[in-house]
Amino acid sequence: MPCVLVLGIDPRAVPGMDGDSIRAALDQELTRFGEHAIDASMTLIGLDESAESTIVAALSEHDWDVVVIGGGIRKPEPLLPLFEKVVNLVRRHAPQAAIAFNTSGGDSVEAAKRWL
């Protein structure tokens with residue numbers, strides 16, 4: 001069974017967001033991976049100094065086939081340095097993994113399947 005890691009921003013850590021409902025939608029997407037016979041894990045990071053160590057720990061857990069980097073990390077222009085860091089951490093700690101990008105929290109399965 002292929003293994004996929006989804007990396008994203010913890011919606012509960014972002015002021016002004018309905019973190020609980022967004023987290024519920026992300027959990028539903030994680031469940032969809034199982035429906036496609038894909039073993040998946042999700043790591044959500046805060047926007048603080050713990051982000052890098054959290055990502056490295058997640059990348060080191062398995063030999064991932066694909067790492068999906070979510071839009072919360074990728075899209076906001078102020079987070080460009082974090083996005084660069086995440087891409088380079090994936091290259092360094094999971095070099096065998098393909099890197100995929102979703103367009104929303106609801107299409108991570110499709111993003112991963114493009115590379116499986």
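**Crossing helices and paired rings**

Q: What makes the crossing of α2 and α4 right-handed rather than left-handed?
A: The crossing of α2 and α4 is right-handed, because the near helix is turned clockwise from the far one by less than a right angle (anticlockwise would be left-handed). This is a predicted model, where local features need pLDDT of at least 70, side-chain atom pairs count only at pLDDT 80 or more, and totals for chains, interfaces and linings use all residues. Residues are numbered from 1 along each chain as its sequence is written, and side-chain values use heavy atoms, leaving out hydrogens and water.

Q: How do the axes of α2 and α4 lie?
A: The axes of α2 (residues 51–60) and α4 (residues 80–93) come within 10 Å and cross at roughly 35 degrees. Axes are lines fitted to C-alpha atoms over the stretch in contact, and angles run from 0 to 180 degrees between N-to-C directions.

Q: Which residues of α2 and α4 meet?
A: From α2 come E52, I55, V56 and L59, and they meet K85, V86, L89, V90 and H93 in α4; contact means heavy atoms within 4.5 Å.

Q: Why is the pair of F83 and F101 called edge-to-face?
A: Their planes are 65 degrees apart and their centres 5.9 Å apart. Rings of Phe, Tyr and Trp (its six-membered ring) pair within 6.5 Å, with planes under 30 degrees stacked, over 60 edge-to-face and the rest tilted. So F83 and F101 are an edge-to-face pair. A search of the whole structure finds one aromatic pair.

Q: What does the pair tie together?
A: F83 lies in helix α4 and F101 in strand β4 (residues 98–101), so parts 18 residues apart in sequence are tied together. Helices (H or I, at least four residues) and strands (E, at least two) are DSSP runs, numbered from the N terminus.
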